[in-house]
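Let's take a walk through this model together. Have the structure open and turn it as you read.

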Amino acid sequence: MARPLIQMALDSLDFDQTVALADQVAPYVDIFEIGTPCIKYNGVNLVKELRNRYPDKLLLVDLKTMDAGEYEAGAFYAAGADICTVLGVSGLATIAGVIKAAKKYAAETQIDLINVADKAECARESVKLGAQIVGIHTGLDAQAAGQTPFGDLNDIARLGLGVRISVAGGIKQATVQQVVEAGANIIVVGAAIYGAPSPAEAAREIRELVDAAAV
Ligand SMILES: O=C(CO)[C@H](O)[C@H](O)COP(=O)(O)O
């Protein structure tokens, strides 16, 4: 099995804390995600800072775009994003716009299936348009209501869409093996790392667990 990637969700609003957290976990993760509240608060300057600091890491900007796809995402690809997210609920015209912007910069587009009613249909149509990553995502509010991403991950993995599958939503040490075995190619982790007494140690543990599960 190809080694799954670990994506660190940087979900603080504070610019300096975000960069400091990225520095702590960098040895153990493959992708830095600038989370949605963080990118709204800090904008393209944070993208540029992380791009300059980490030229060899993948950089995902979690825009969760809902409209004006090409216009909104274009600025973030131009600033150095490798991947931007667009909401599946936005509709195919907006998704196509983000994909168009990504192509201009030889970058990638991730569809976020959060709150999409027919996830299989949305994933299939988005892949047909050219999306490279399908994101299964139980958001923070849904997690607080007791939901998890595991059922949706199994359903989407079974479709065999031939693109990478990302999973997010409360993934922690105890659930890493389950999501790798279910077919996730990108494991997103936020609170289980940034909320740990030692984020670096938590990231190291998750790296070991992901690599062990992928053997
Ligand atoms: O995109 C997000 C919320 O919308 C989070 O970044 C994502 O859910 C990962 O964080 P956690 O592991 O804490 O759930």
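In what order do the 8 strands close into a barrel? They run E1-E2-E3-E4-E5-E6-E7-E8, with parallel pairing. From one strand to the next, the twist averages 25°. Keep in mind that this is a predicted model. As background, strands of a sheet pair through backbone hydrogen bonds, either parallel or antiparallel.

UniProt, in an unreviewed entry, places the feature "domain: Orotidine 5'-phosphate decarboxylase" at residues 5-206. That span is 49% helix and 21% strand, and its end C-alpha atoms lie 11 Å apart.

Let's go round part of the barrel, beginning with strand E1 (residues 5-10). E1 runs parallel to strand E2 (residues 31-34), and 4 bridges join the two. One pair to look for is Ala9 with its bridge partner Glu33 in E2. Helix H1 (residues 15-25) packs on the sheet here, touching E1 and E2, and its direction makes about 155° with that of E1.

Moving on, E2 is joined to E3 by 4 bridges, again in parallel. Here Ile34 has Val61 of E3 as its bridge partner. Strand E3 (residues 58-65) is mostly covered, with 6 of its 8 residues buried. E3 then pairs with strand E4 (residues 83-87) over 3 bridges in the parallel sense, and Leu60 finds its bridge partner, Ile83, in E4.

Stop for a moment at Asp62, which lies in strand E3. Is Asp62 buried or exposed? Its relative accessibility is 5%, so Asp62 counts as buried. The side chain of Asp62 makes a polar contact of 2.7 Å with that of Thr85. Leaving aside residues up to four places away in sequence, Asp62 touches Glu33, Ile34, Gly35, Thr36, Ile39 and Thr85.

Now go back to E1 and look at its other neighbour. E1 is also joined to E8 by 4 bridges, and these two run parallel as well. Leu5 stands opposite Ile186 in E8. Ile186 is also the bridge partner of Ser166, and E7 and E8 pair in the parallel sense over 2 bridges. In a regular strand the side chains alternate between the two faces of the sheet. You can follow that along E8, where Ile186 and Val188 point one way, Ile187 and Val189 point the other way, and all are buried.

With the strands in view, turn to helix H1. Asp14 caps the N-terminal end of H1, with a side-chain oxygen 3.1 Å from the backbone nitrogen of Asp16. The buried residues of H1 are Thr18, Val19, Leu21, Ala22 and Val25. Why do they line one face of the helix? Seen down the axis of H1, the buried residues fall within an arc of 160°, so they end up lining one face. The buried residues of H1 pack against E1 and E2, and also against helix H2 (36-42), helix H3 (44-53), helix H10 (191-194) and H11. On the face turned away from the buried side, H1 carries the exposed residues Asp16 and Gln17.

Helix H9 (residues 173-182) is worth looking at next. Its buried residues are Thr175, Val176, Val179, Val180 and Ala182. These cover an arc of only 155° around the axis, which puts them on the same side of H9. What do the buried residues of H9 pack against? Their partners are helix H8 (150-158), strand E7 (164-168), strand E8 (186-189) and helix H11 (199-213). H11 thus turns up in the packing of H1 and in that of H9.

On the face turned away from its buried side, H9 carries the exposed residues Ala174 and Glu181. Glu181 counts as exposed because its relative accessibility is 53%. The side chain of Glu181 is joined to that of Gln177 by a polar contact of 2.9 Å. Compare the position of Glu181 with Phe15: the two are 166 residues apart in sequence and 35 Å apart in space, C-alpha to C-alpha. Just past the helix, H9 is followed by Gly183, whose phi is positive, near 110°.

Methods:
Residues numbered from 1 in each chain as written. Predicted model: local features only at pLDDT ≥ 70, side-chain atom pairs only at ≥ 80, totals over all residues. Heavy atoms only, no water. Buried < 20%, exposed > 50% of the residue type's maximum accessible area, 1.4 Å probe, protein only. Arc of directions from axis to C-beta. Contact = heavy atoms within 4.5 Å. UniProt positions renumbered as here; feature names shortened; annotations may be inferred. Pairing = 2+ DSSP bridges. Axes fitted to C-alpha atoms, helices over the stretch in contact; angles between N-to-C directions. Polar contact = N/O pair within 3.5 Å; in protein donor to acceptor, adjacent residues only side chain to side chain.
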